[in-house]
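Open the model in your viewer and colour it by secondary structure. The tour goes from the sheet to a pair of helices and ends with the whole chain.

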Amino acid sequence: MHTTPLEKPCRTQRTPAVAKSLHAVWGRLRAYISPLDVLLCGATLALCAGLAALAPHLPADEPRALLAPVAWLCRFWTGASFALIAGQGYHAVSALGLPVSITSACSGVRFFIMLAALLVCVRIPRTRASAKPLAWLACLALAYAAAIAATALRISATLLIARPGAWPDAVLLHNLLGITAYLTAMLACYSLARQWPASLSCARRVEILLGGRDCV
């Protein structure tokens, strides 16, 4: 009995199936992502890309919008008196005798870039259309506040823990504290962005944050 091998479908036969699959995927995306989502997320990614390109070229005492609040929080938490030196950043000596400098390298600008992009892309598609612009501003404000708080916590913890000669590698300690502070802040903000209800009253949102029942 003579059999013939199965013929593979030609490219012209496969093309309609591929096009149909792509059309189905595009339909699902359009149901979840609106043109306003694309606009706001695209604007945020463009802003973050510009900041990322600019960050390596910033002077040591910039950006002041991040450095000044970080220095103030560190002074509030540790008692160290930070002084701004033009072109060199904020400098102080801790109560334990550890010199510290807050410059553009540890301003938290890179963390702000990552967190802003994450929050916008997570929150905006989950928000009703009328509240999307306000949610976009809220995401940027939350990323800014979290970057300041996490950076100040990292530096303050280093000042309070590290003693001259007590740690074999103070830079390693500073890096480990940075990983802990930034990762904790990112996970907390991500969880808030995913779970924050978009159509509830302010009182109900506070109730949920304080441990009430989840939104249904």
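Two strands count as paired if DSSP finds at least two bridges between them. This is a predicted model, and by that rule three of its strands form an open sheet. Their order is β1-β2-β3, with antiparallel pairing.

Select residues 83–85 and then 99–102. These are β1 and β3, the edge strands, each of which pairs on one side only. Direction ignored, neighbouring strands of the sheet are turned by 30° against each other on average.

Now add residues 89–93, which are strand β2. Three bridges join β2 to β1, and the two run antiparallel. To see one partnership, pick Ala 83: its bridge partner in β2 is His 91.

Next, hide the sheet and select residues 35–54 and 109–123, helices α2 and α4. How do their axes cross? The axes come within 10 Å and cross at roughly 175°. Angles over 145 degrees count as roughly antiparallel, so α2 is roughly antiparallel to α4.

Show side chains where the two helices touch:

- On α2, select Leu 40, Cys 41, Thr 44, Leu 45, Cys 48, Leu 51 and Ala 52.
- On α4, select Phe 112, Ile 113, Ala 116, Ala 117, Val 120 and Cys 121.

Of the residues in this contact, 12 are nonpolar, one is polar and none is charged.

Finally, show everything. The protein has seven helices and three strands, running α-α-α-β-β-β-α-α-α-α from the N terminus. Of its 216 residues, 34% are buried. Switch on the surface: the protein exposes about 13,600 Å², and carbon and sulfur atoms supply 68% of that.

Methods
Residues numbered from 1 in each chain as written. Predicted model: local features only at pLDDT ≥ 70, side-chain atom pairs only at ≥ 80, totals over all residues. Heavy atoms only, no water. Axes fitted to C-alpha atoms, helices over the stretch in contact; angles between N-to-C directions. Helix = DSSP H or I, 4+ residues; strand = E, 2+ residues; numbered from the N terminus. Parallel < 35°, antiparallel > 145°, perpendicular 65-115°, else oblique. Contact = heavy atoms within 4.5 Å. Nonpolar A, V, L, I, M, F, W, Y, C, P; charged D, E, K, R; others polar. Buried < 20%, exposed > 50% of the residue type's maximum accessible area, 1.4 Å probe, protein only. Areas by Shrake-Rupley, 256 points an atom, 1.4 Å probe, with all protein chains shown as cover.
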